[in-house]
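Please look over the sequence and structure shown here before reading the report.

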Amino acid sequence: QRKMILRVIAPSPRTARTRSNARRRLRMNRASPLDNVRFALCRPEGPTNVGSAARAMQNFGLKDLKVVNAAPSVLRDGTIDDDAYKYAVHASWMLDGAVEEDIASACADRTFVVATTARPRENVPLLSLRDGVQRIREELANGARMVVLFGNERTGLTNEELTYANIGVKVPTAGDRAAPNDGADASSSQMSSKKYTGGSGASSGTGSLTPVSLNLGMCVGVVAYELFNQLSDDDVGNFRDFKSHQLTVFEKKRLIEDLIAARQAVDILAGSIDDDDDKEQIYRDKEARQIARVLSGTIASRDAVSFFFLARRILAIAEYANIDDGVLAAARLALEANPDAGAKKINAAVQNALDITLTQRELNRVLAAIRRA
């Protein structure tokens, strides 16, 4: 009877594992600059890869893992598949609570984002892993909270995921080897270049090209090792003493949105803009990327205060200022003085009268409004 009672009250294997992992977390409370580094696996498909990544992270002192928008093969009823726990071995505790629904959530409280990528991407500075980790070290010393993004096993990071990145890093692999000359020993051939994940290397003995790539677990392990190697315990005191608060990804997104809204609030004849116009949307997306690039580095909160103030003051003033009538009046006077006046002359007249230079899009709206009148 006692055995029956013990079987009833005994925790399930998953519950027991969760309790064990909670105790392990309490023991792992030593301060380290690596505590401010998170790894995020974006859309992973293999549970074994997820478990191997967690195991590699623990081996090199990293404790913060997020699994973002994972494939159904990785998740079972909203929790990570048991195969991942098996491959994580002693790092299984890291998988508890690791699931994130989207990339925005995984990056929201971070101040600096690093993307692992095999090739250059638009607007994302690309560094070698070693140089990238040195940059990470510098940012951590300035109080940054970091997230490193790893893409899907087959397709890598999407363009949307890359928009969050401050820098990209590439992991070097063995590249092309020169094919041996006639009569030369194959071992004497020299490495002609380095290729990165996704490139082509030479097949042993034949010289034929074969794909060179790292699987997800391997890539996590290499990056984790390099971070561990460069962020030594001797630096802990220096990192811990920095107190300045940096803008998180979420806070920086708010700042960018405020600046974009302020910029658009002072558009000439903004009321005539068709929000459903594809060309207008493309222009606004381009403008948003330009502002985001300017703010791509880490920003201390105290340095951002003036930008928040400026953007919100412009928005408030724009509600009461009506510059459209002045621009239209200046343009009409220019046309009355010279009916054949071209765009440049009309723009010059507006600039002389109001000290405002119109964009081509604004000028087109002004001319259309005058024609309609």
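The report covers a sheet, one strand within it, and the helices that pack around it.

## The sheet

The model is predicted. Its open sheet has seven strands in the order β5-β2-β1-β8-β6-β9-β7, and the pairing is parallel. The edges are taken by β5 (99–100) and β7 (126–128); each has a single partner strand, so one side of each is left without a neighbour in the sheet.

## Strand β2 and its partners

β2 (64–68) pairs with strands on both sides. With β1 (37–42) the pairing is parallel over five bridges. Within this pair, F39 stands opposite L65 of β2, and C42 has V68 of β2 as its bridge partner. With β5 the pairing is again parallel, over two bridges. V68 has E100 in β5 as its bridge partner, and V68 is also the bridge partner of C42.

β2 is mostly covered, with five of its five residues buried. In a regular strand the side chains alternate between the two faces of the sheet. In β2, D64, K66 and V68 point one way, while L65 and V67 point the other way. The buried residues thus include the charged-letter positions D64 and K66 along with L65, V67 and V68.

## Helix α3 and the crossover

The chain runs from β1 through α3 to β2, and this β-α-β crossover is right-handed. Helix α3 spans residues 47–59, 13 residues in total. From its first C-alpha to its last it reaches 19 Å, close to the 18 Å expected at 1.5 Å a residue. Just after the helix, G61 adopts a positive phi of about 85°.

The buried residues of α3 are P47, N49, V50, G51, A53, A54, A56 and M57. Their cover includes the strands β1 and β2, which are the two strands that α3 links in the crossover. It also includes two helices, α4 (82–88) and α8 (216–230).

## Helices across the sheet

α8, which helps to cover the buried residues of α3, lies across β1, β6 and β8. It runs at about 165° to β1.

Helix α6 (residues 129–141) lies across β1, β6 (112–116), β7, β8 (146–150) and β9 (167–170). Its direction is at about 105° to β7, the strand at one edge of the sheet. β1, β6 and β8 therefore appear in the lists for both helices, as α8 lies across these strands and α6 lies across them too.

Conventions:
Residues numbered from 1 in each chain as written. Predicted model: local features only at pLDDT ≥ 70, side-chain atom pairs only at ≥ 80, totals over all residues. Heavy atoms only, no water. Helix = DSSP H or I, 4+ residues; strand = E, 2+ residues; numbered from the N terminus. Expected span 1.5 Å × (residues − 1). Buried < 20%, exposed > 50% of the residue type's maximum accessible area, 1.4 Å probe, protein only. Contact = heavy atoms within 4.5 Å. Pairing = 2+ DSSP bridges. Axes fitted to C-alpha atoms, helices over the stretch in contact; angles between N-to-C directions. Right-handed = clockwise from strand over helix to strand, strands pointing away.
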